[in-house]
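Please look over the sequence and the coordinates below before reading on. The briefing that follows is arranged by topic.

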Amino acid sequence: TGNLDDTTWTSTITYKADNGTEDVVQTYDYNADVTALAAPEKTGYTFAGWAESAGGNVVYADKESVKNLKSENNATITLYAQWTANTYTVKFNANGGSGTMTAQTFTYDVEQALTANAFTREDYTFAGWAVKADGTATYADMAKVKNLTSENKATVTLYAVWNENDKVLPVIFSVASETAVDCGDSVTLSCETEGAKISYTIDGVTVEYSN
């Protein structure tokens, strides 16, 4: 029956969203059609439905029509939001280097190491990964990362950052070719690359000049 002494029975549904918000309480009359609460939101997760216990199986979808969940007056029903963690893809860009790397799949809130760098670039050393092509290195090689995005099925691109290696450049003497220079004489050394340093080594001792 749906009434007691001609008084309408009522029930209360409490929705626990598990997303940092307060519980939502919904009161309804027995035999009345009730629309389940619309899907809540939780960063990094997709709503799967409502369960009758925390961590239980989904029994009601968002906005599903429900009726007479319990056949007793003043009944209290608690429904728990169930969530599926979002997944996303991380792609690697050589950013001036060469080679190939396979994309990785990540799950939100799960820490995972980035694949070891497999790109190379002549005369450069790999310095890490940036989130934009002209950015500075944010993540080291094989760094453990998580939550690079909260969007489901999104793609995140990481760009290789390269540091140019020091170069051994040819020295141009100001004296004429094959002209002997006596010990103690002064000569001028020059290099076409701005900021370069010039050095020489005698008996294991290195002397370096700049500018």
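Over the ring of which residue does the charged end of lysine 42 sit? The charged end of lysine 42 is placed over the ring of tyrosine 45, at 4.7 Å from its centre. The model is a predicted one, and its chain of 211 residues, of which 25% count as buried, contains 19 strands and zero helices. Among the contacts between residues at least 6 apart in sequence, 58% join residues at least 24 apart.

**Charges over rings**

- Besides the placement of lysine 42 over tyrosine 45, there is a second arrangement of this kind, in which arginine 121 lies over the face of tyrosine 124 at 3.8 Å from the ring centre.

**Aromatic pairs**

- A pair of aromatic rings is described by the distance of the centres and the angle of the planes.
- The structure holds nine aromatic pairs, and one of them is formed by phenylalanine 47 and tryptophan 83, which meet edge-to-face with 5.5 Å from centre to centre and 70° between the planes.
- Because phenylalanine 47 belongs to strand 6 (residues 45-51) and tryptophan 83 to strand 9 (residues 75-85), this pair ties together parts that are 36 residues apart in sequence.
- Both partners are buried: phenylalanine 47 has a relative accessible area of 14%, and tryptophan 83 has a relative accessible area of 16%.
- Phenylalanine 92 and tryptophan 129 form a pair that counts as tilted, because the planes of their rings stand at 55°, with the centres 4.9 Å apart.
- This second pair links distant parts of the chain, since phenylalanine 92 lies in strand 10 (residues 87-93) and tryptophan 129 in strand 13 (residues 124-130), 37 residues apart; both phenylalanine 92 and tryptophan 129 are buried.
- Phe92 and Trp129 also belong to a cluster that ring pairs build together with Phe119, Phe126 and Trp162.

**The four-stranded open sheet**

- Four strands, in the order 11-10-15-13, make up an open sheet whose pairing is mixed.
- Strand 11 (104-107) and strand 13 stand at the edges with a single partner strand each, so one side of each is left without a neighbour in the sheet.
- From one strand to the next, the twist averages 30°.
- Within this sheet order, strand 10 and strand 15 (residues 155-164) pair in the parallel sense over five bridges, and the bridge partner of lysine 91 in strand 15 is threonine 157.

**Pairings of strand 9**

- Strands of a sheet pair through backbone hydrogen bonds, either parallel or antiparallel.
- Strand 9 runs parallel to strand 3 (residues 10-16), to which six bridges join it, and serine 11 stands opposite alanine 75 in strand 9.
- Strand 9 also pairs with strand 6, here in the antiparallel sense and over six bridges, and glycine 49 stands opposite glutamine 82 in strand 9.
- Strand 6 and strand 9 are thus connected both by these bridges and by the ring pair of phenylalanine 47 and tryptophan 83.

**Nonpolar cores**

- The largest nonpolar core has 17 residues, of which Val90, Phe92, Leu114, Phe119, Trp129 and Leu158 touch the most other members.
- Strand 10, strand 13 and strand 15 each supply at least two residues of this core, and strand 15 gives the most, with four residues.
- Another core, of 14 residues, lies apart from the largest one and has Tyr15, Ala36, Phe47 and Val66 among its members.

**Residues with positive phi**

- Most residues other than glycine have a negative phi, and most peptide bonds are trans.
- Aspartate 18 has a positive phi, near 55°, in a residue other than glycine; aspartate 18 is found in the loop between strand 3 and strand 4 (24-29) and counts as exposed because its relative accessibility is 53%.
- Asparagine 147, also not a glycine, has a positive phi of about 55°; asparagine 147 is found in the loop between strand 14 (144-145) and strand 15, and its relative accessibility of 25% makes it partly exposed.

Notes:
Residues numbered from 1 in each chain as written. Predicted model: local features only at pLDDT ≥ 70, side-chain atom pairs only at ≥ 80, totals over all residues. Heavy atoms only, no water. Phe/Tyr/Trp six-rings, centres within 6.5 Å; stacked < 30°, edge-to-face > 60°. Buried < 20%, exposed > 50% of the residue type's maximum accessible area, 1.4 Å probe, protein only. Lys NZ or Arg CZ within 6 Å of the ring centre and 35° of its normal. Pairing = 2+ DSSP bridges. Axes fitted to C-alpha atoms, helices over the stretch in contact; angles between N-to-C directions. Core = buried A, V, L, I, M, F, W, Y, C linked by side-chain atoms within 4.5 Å. Contact = heavy atoms within 4.5 Å.
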